[in-house]
Every structure is written in structure tokens, then in C-alpha cells.
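Got your viewer open? Let's take a walk through this model, one selection at a time.

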Amino acid sequence: MDGLNIPLSHILLVSSLLFAVGMLGLMMRRNIIFILMSLEVMLNSTALAFVAAGAHWGQPDGQIVFMLILSVAAAEVAVGLGLVLQIQRRFKSLDMDNANRMQG
Amino acid sequence: MLEISLFYIAATVALVATILAMTRANAIHALIYLIISLLAVAVIFFLIGAPFAAALEIVIYAGAIMVLFVFVIMMLNLGEEGDAREKQWLSPAVWAGPTLLAVILFAELLYIISSVEGPVSTAQVTAKQVGLTLFGPYVLAVEIASMLLLAGLVGSYHLGRRALDRNIDEADARALSDSDSDSDSNADKGEQ
Amino acid sequence: MRQLIGLIPLIPLLSSVCLMLLGGRLPRLWIGLLGVGSVGLAALLTGLTAVEFLANPEPFQLTLWVWMQVGNFAPGVAFYFDGLTLVMMSVITGVGFLIHLFSTEFMEEDKSYARYFAYLNMFVAAMLILVMADNLLLLYLGWEGVGVCSYLLVGFWYQNSANGQAARKAFIVTRIGDTAMALGLFLLFSELGTLNIQALGVAANETWQVGDKLPLIACLLLLAGAVGKSAQLPLHTWLPDAMAGPTPVSALIHAATMVTAGVYLIARTHELYLLAPIAMIAVALVGLTTSLMAAFTALTQRDIKRILAYSTISQIGYMFLALGVGAWSAGVFHLMTHAFFKALLFLGSGAIIHCLHHEHDIFKMGGLRTRMPVTFWSFMIGSAALAALPMTSGFFSKDQILLQAYQVDGIGPWLWLGGLLGALLTAIYSFRLVFVVFFGKANTEPDRDTGWRMALPLCLLCALALFGGWIMLPVAEVFPLASGLHPAHWVEYVSIAVPVVGVVIAYLVFYSGQLRVDGLLNRPSMQSLQRFWHSGWGLDQLYDRLFVRPYYGLAAQLKGEPVDAIYSLIVAINQTLNGWLAERQSGQMRRYLISMVFGLIVVLAILLGTL
């Protein structure tokens, strides 16, 4: 049966690839909406890794962490999109590079 | 065999959809690709014996969170020129460096993963098990998550209310510095 | 009276301070009264002291207070009064008073009337301190005070930058000599333990033998100081440029008094020089070469004040010659008569310049004999005295110098011959000046004649220049007696005849025109010789090449602060680093993200390495 199962390393490989792509999007996009999307992708890829690890051991803990990640993502998106509205209102643009007034 | 081939298909779809989502100029297009990617990940969850997680992924991620994105994007009413600007921002000079870093990071992760052995059991971890564990040993985490969600609720309400209130909007615009206030007032008229 | 000599320098000094503080608010009449009156009062006090001193010629000392006390070094603010001091004080206050009086008219239209008299009074005070000091330190104070005042007065019309240049040149060139003199003072104090002039003479005679090295070095250092102040070779270049100041200033500072400070210094320290025969020969040679060089230069100048300036250098060269051959009293005598006739000539030239719209070129003057009679006669008398025509004051003093120079063993006749050549040239250039300026046809019309305040000092100085030679100097006590031997009579006759020959030559060339020298002068070799003489024997250019330009070059190099380069490099590195780091702090979110990812990669790599 082992040979027919999905190898854990392959799932982790997919997860890492998604993480890398999400991080790439995070670094290269200037639009704040895309930045939020990239964050979602990265969170999702870690969730995938947790669930896969949980499945590897046949335990429910992985899915519980997934649920926690889900709530974090939900809260983050809620606040993040509120900030998007504010930024759009203040700078009339979604360009993150404009939001550099604090120099910090 | 079917499961394995389904996994590779779903993984490929997830990757391709994510890459496309990251490189789109139009936010709505990107969002659609992102939803596809999330659905593909949900398929993977299902395949590795986590149907509850798969359901949550579809309902909350692809459903609720992405719809939130769609609402906000529609509210911002980004036009065609926004797309053109996005294309301009995606020049090779911009993405070459980050891509190099991302590749290096991936290589490091790959090195770590390479030592991982063993398959994923196809035995399902049911919703009941998850629920028992969640409200058993992890009950504190549930409390923390609920507080986090409350904070997110209050924060987004506060930010969103101020954003939609016109009077406060103009008062704030006046408080901004000279260079910004010029463009602000012009754009305000356009919005009205 | 003796207790009151401290007042003599004090009165001009107080007047100077008053003028500096209140000058702007006083009416012009008051400024004139204060400026002239203070020097007049000093002259009066000097006269009274002189009467008392001549009745009882006993040198005396007056200590006012101890200046400073360091160990056994306690120089006092103390005055020493003897015949030499009396002569110097009389010249300074007497001639100074006449020049002050002359200035009231010469400067009456100047805006900085009060400033002028403040400087002039301070100069007189400094010069009096110089000649009255009983120790070399106080003398040095007066010496520097005179230097400062001459700087201020040469650059009096400072709005013109050339005048400021001349003032700086005067100050810096004399500074070279002053530094040497300060070294001489250090040497004397460290060797003999005192700076009191009288004690110095005694101690030197006890400590040193004739011909020792140390007195030679000390005397040469003092000579360098004297050379700087008295404008002798090789430090004479400042004097012609110093004519940038107002003409009465030239009369006071650069003719009558200040430049004689060097002569006074050597005369005052003659006991040291007697221990160093080589230094005395050096003094004589410096004097002779300077007097010849300056006489040749004066022959080719066109600017009336520069002619007089070079003649001053030349005449002081004579005084140095006198000092060098041991004719101390003759040197001081010539100093006095020179003060009379040179002040007369300068004031006369001042009158001409004043009445001729500030014209300096003698070839643009001419025919002034009938238009400015007082000036003409003062110039005639002054030039006669300068040329040492018989029975004028210059005749007596110069004759003494030449006769005593002849008696020196070995090189005496040569010194005498050089002196004679100088006398011939002096006669030629001084009467060239008279004939060109006062005879011939008029080129510029004077717009006025001299007023009484100009005429009176001129007349008094005329009398002094004519009859000053009959004054018997009360310096017999001060200097050792010259040898009583008289040279052969023909020497005396030649000495008398030479100036007359010079005047005749000048008459033939510049007045009657019977002796034509145009053909000779127009030859190329003569032309270049003329240019060479005109430029003051090229010394200015030489110094410019040797010292001024390399100094400017060095200054230009140092302006970039090469030593600071190391430190500014450190600063530059830090600033670059700081700029680089500050640039990182841009507020650009993506840059921060990239940095974070970079850090993540590095941390991961380190973790992997440790696994």
C-alpha cells in the first residue's frame, strides 16, 4: 500500500512552492490588494503543510491548527481590507510605495 | 492510483493558478485564479483524508474571505488605467530580484524536505475527532481565536466606518500636508 | 623736570586714546587742537628737559614700575635719559610737531580726520617709548608699536586695496627683521642675564672678548632687526611701497623718525658692536651697498614720493656706514640732519601733491618755481642739504661720515670711494627733481598755494635744514671718542667738491640741456639697465619669485587641508554608510519585505549549516 499512497514529501514540496510563489508576490507587487492576496496564499500553503503533517500521523491536530490559521486569515483580511479602504481614501491610490510618510 | 494522479493534477492546478493569480494585472482576474487555487488545495485536503478541512477551505476561504475581497475591489471601483499601471509595475527589473530570493528560499526548503520520508495515511480524520480534540485539549486556542476574531471585527468596523463617512473624510483631507491635499481635493470631486 | 619725562610719551598716548574713543563726536577744530597740541606739549616738555640736561649733563634713569617679574627677570617700565635720548626725543617731538601742524591742512578734507591723528599720536608715543626705554624689552614694545602704527598709517586709505597690500608688505617685511631681533634679545638674556642696556654693556665687556662668536651672532641678529626697520638691503622693499600712505605720514614715519629706529638701536648697543668687529664691517657694507643701490634706483624713478623714498633708503645707508666704521656720533648727527631735510622734502612734496590734484609724476609737473615760491625754496634748501652742498646741515654730517670712513684700516679708502659715488648720485637725483619739477614749462596748474599751516612748518624746517649743522650734539658722554687723526687735506677737498660736481651735471642735463644724454640712454643696453634700476634692482620681483609665490602656492595647497584628508576620509566613509543606511529606511514596504526575506534566508542557511 505504501507505494500507492501520496508521499508526504510531495505535499510538502507543493506547500513550499506555494509559499515561495506567495512570497514572490508579496515582494514584487505594489498594489496593496495583491499583497493581501499573497499573504493569503502564504497562509494557505502553511495550512496545507500542517494538514499534511496531521494526516501523516493520523491525528486531528493538523486540522485544528488549520482552523486557527483560518481564523487568523479571516481577521487579517477583515482588518487588511479596512486598511485598503483607508489607504485608497488618503492617497487615492493602492500603491504601497506611496504609504511611506512615516519613513519607518 | 486514482488518488495519486488526482493529487498531482490538483497540485499542478493549485500551483499554476497561484502563479497566474500573482501575475495578473486585473485584481478580479487574480481573485478568480486564487479561488481556483484554493479549490485545488481543498481537493488535496480531501485526498489526504481531511474532508472537514476541505469543507472549511471551500466555505470560509473560497467563500467568505474571497467574497470580502470581491466586495472591496468593487467598492474601490478600479478602472482600466489601474490595470495599465499594474502591468507597468510588473517589469523584469521589479521581479528579477524577488524571484532570485524566492528561488533561494525554495531551494533551502527543498533541502529540508528532502530528508522527509514516508507516505500520508489515507485514513480519514473525521469532523468528530477534530471537534473532540478542538474543545478538549485545544479549548484555550479556541478562546484565543475567538478574541482574535472579535478584534478583527471591531477593527474592520472602525476602519470601514471612517472610510465611508464623507464629513470626516473631508476634515481629514484638510489635515493632510499641502502636496497631498491638492490631489486629495481633486480626487474627492471626482468621486462625488 | 626729571621726574616729568614719563609724561612725554604719556601725553600723545592719552590724546590718541581720547581721539580713538571720542573722535567721531568731536568737532574738527578740537581734533586738530588735541592732536597737534599733545605733540606740541611733549615737544615743550622735551625742550625744558633739554635745557636742564644741558646745564647739568648727567645721564639719569627713571623707573615708573616693574613691568613683570619672573625669577630674576624683572624688566621695568623705566626710562633712561642721556644725550642720545635727548637728540632722538627732540627730533621726534620737534619734527613730529611740525608734521602734525602740516597735517591739519593736508588732511582737512579727509573724512577720517580723528582716526588719522589718533594713529599719528600713537606713533609718536610708541617712538618715544622706543628711544627712552632703558631696557631692550621696553624698546621692543615701542619697536612693535611703531610697526603697528606704520601698518595702520600706510593702509590709512584702506578703501583702495593696493594701499592695504602696501601696508601688509610693510608689516610682514619688517616682521622678518623683528623676529631676528627677538632672537637676539633671547640670546643676550640667556648669555648675560639682563636686558637693561647699560648693564648689558658692562656685562658684555666682562663676559666676552673682542672677536668672540656670541657677540657676533647677537650683533648680527640685532642688525637684522635694524635692517628690517630701517629699510636696508635686503629688507628695504617695503619702504617705496609704503608711500601709499598720506604724504605727511611718509614724512614722519618713513623719513624722519621710524626708519631711524634701526640706526638708534645700533648706536644704543654700540658697546656690543665694539666686541664684534666683523659685525661692524657687516653694518658698514650693508649701509654702503644699500646707499648705492638706492641712489641708482632714485635716479630712474618718476614718482616724486618714490624718489624721496629711495633717497631715504640711501641716506640711512650712510648712517649705517657711519655706525659700521665706528663714527657713532657722525651717524646720529646725520640722523638728525636727515630728519630735518627729509621731513622738509616730504612735506614740500606733500604741498605739491596737495596743490596739484594728487599728481605724483614729476614729468607732469614743471614750472612751479613762481607759482609755489615757499615750496620751491623749501625744496631748494632741502635738496641742497640732501646733496650735502657746503654750509648746509647735510654737508657737516656727511662730511664727517666720509672722513671717518676713510680712516678705517684696510678697506677705508674703498668705503670712502663708494660713499663719494653715492654722494655724487645723490646730488644728481636730488637736483634732477628740483629742475624737473620747478623749472621748465608748466604741465599742470596748481589750483591753490599753501596755507599758513603748511608754510610755517616748511619755513621752520628750512631754517633747521640750513643751520642744523651748527648744533653741537650732547653725545660726547655716550660714545667713545673717534680718533682725532685727520686725513690728508685733498681727501677733504674731494669730499666737498663731489656734490658740487653732481649739481653741475644735473644742471647741464636737466636744465640747460647742454649735456645731451638721450643718445646714450636710448641704447638697448642702457634701456635695460634703466629698467633694472627702476625696478629697484629687481629685488621685488626676486622676492616675489622666491618667497611670495611659493608661499601662495603652499597656501593654496594647504587650503585643501591635506592633513585633514585622513579625518575627512573617516567622515566620508561614515557619511556614506549613514546615507546608505538612511536610504534603507525609506518607508517602502517592499524593500522591508525583501530585507526580511533576505534575513530569513540567511537564518535558515545558518540553521541548516548547524544541523
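Before you click anything, keep in mind that this is a predicted model.

**Stop 1: chain B.** Select chain B and show it as a cartoon. You should see nine helices and zero strands. Follow the chain along its sequence, and the pattern reads α-α-α-α-α-α-α-α-α. Now try colouring by burial: of the 192 residues in chain B, 26% count as buried. What about contacts between residues at least 6 apart in sequence? In chain B, 51% of those contacts join residues at least 24 apart.

**Stop 2: chain A.** Hide chain B for a moment and pick chain A. How many helices does chain A have? Count three, with zero strands, running α-α-α from the N terminus on. Colour this chain by burial too: 61% of the 104 residues of chain A count as buried. As for contacts in chain A with a separation of 6 or more, 47% come from residues 24 or more positions apart.

**Stop 3: where A meets B.** Bring chain B back and look at the two chains together. Here 62 residues of chain A are in contact with 75 residues of chain B. Which elements of chain A give two or more residues to the side that touches chain B? Select α1 (8-28), α2 (32-57) and α3 (61-91) of chain A, and you have them. Zoom in on α3(A), because that's where the largest share of this side comes from: 23 residues. Next, colour the side of chain A that touches chain B by residue type, and you'll find 41 nonpolar, 15 polar and six charged residues.

**Stop 4: the largest nonpolar core.** Time to move over to chain C. Select C:F123, C:A343 and C:L344: these have the most contacts inside the largest nonpolar core, which has 197 residues. Then highlight helix α4 (residues 113-132) of chain C, which gives this core its largest share, 18 residues. In soluble globular proteins, nonpolar side chains tend to be buried together.

Stay with C:F123 and show its neighbours. Leaving out residues up to four places away in sequence, C:F123 touches C:V146, C:C149, C:L153, C:L252 and C:I253.

**Stop 5: another core.** Apart from the largest core lies another one, of 79 residues. To find this core, select some of its members, including A:I35, B:M22, B:V41 and B:L105. Notice the chain letters in that selection: both A and B turn up.

Key
Residues numbered from 1 in each chain as written. Chains lettered and ligands numbered in written order. Predicted model: local features only at pLDDT ≥ 70, side-chain atom pairs only at ≥ 80, totals over all residues. Helix = DSSP H or I, 4+ residues; strand = E, 2+ residues; numbered from the N terminus. Buried ≥ 20, exposed ≤ 12 C-beta atoms within 10 Å, placed from the backbone. Contact = placed C-beta atoms within 7 Å. Nonpolar A, V, L, I, M, F, W, Y, C, P; charged D, E, K, R; others polar. Core = buried A, V, L, I, M, F, W, Y, C linked by C-beta atoms within 7 Å.
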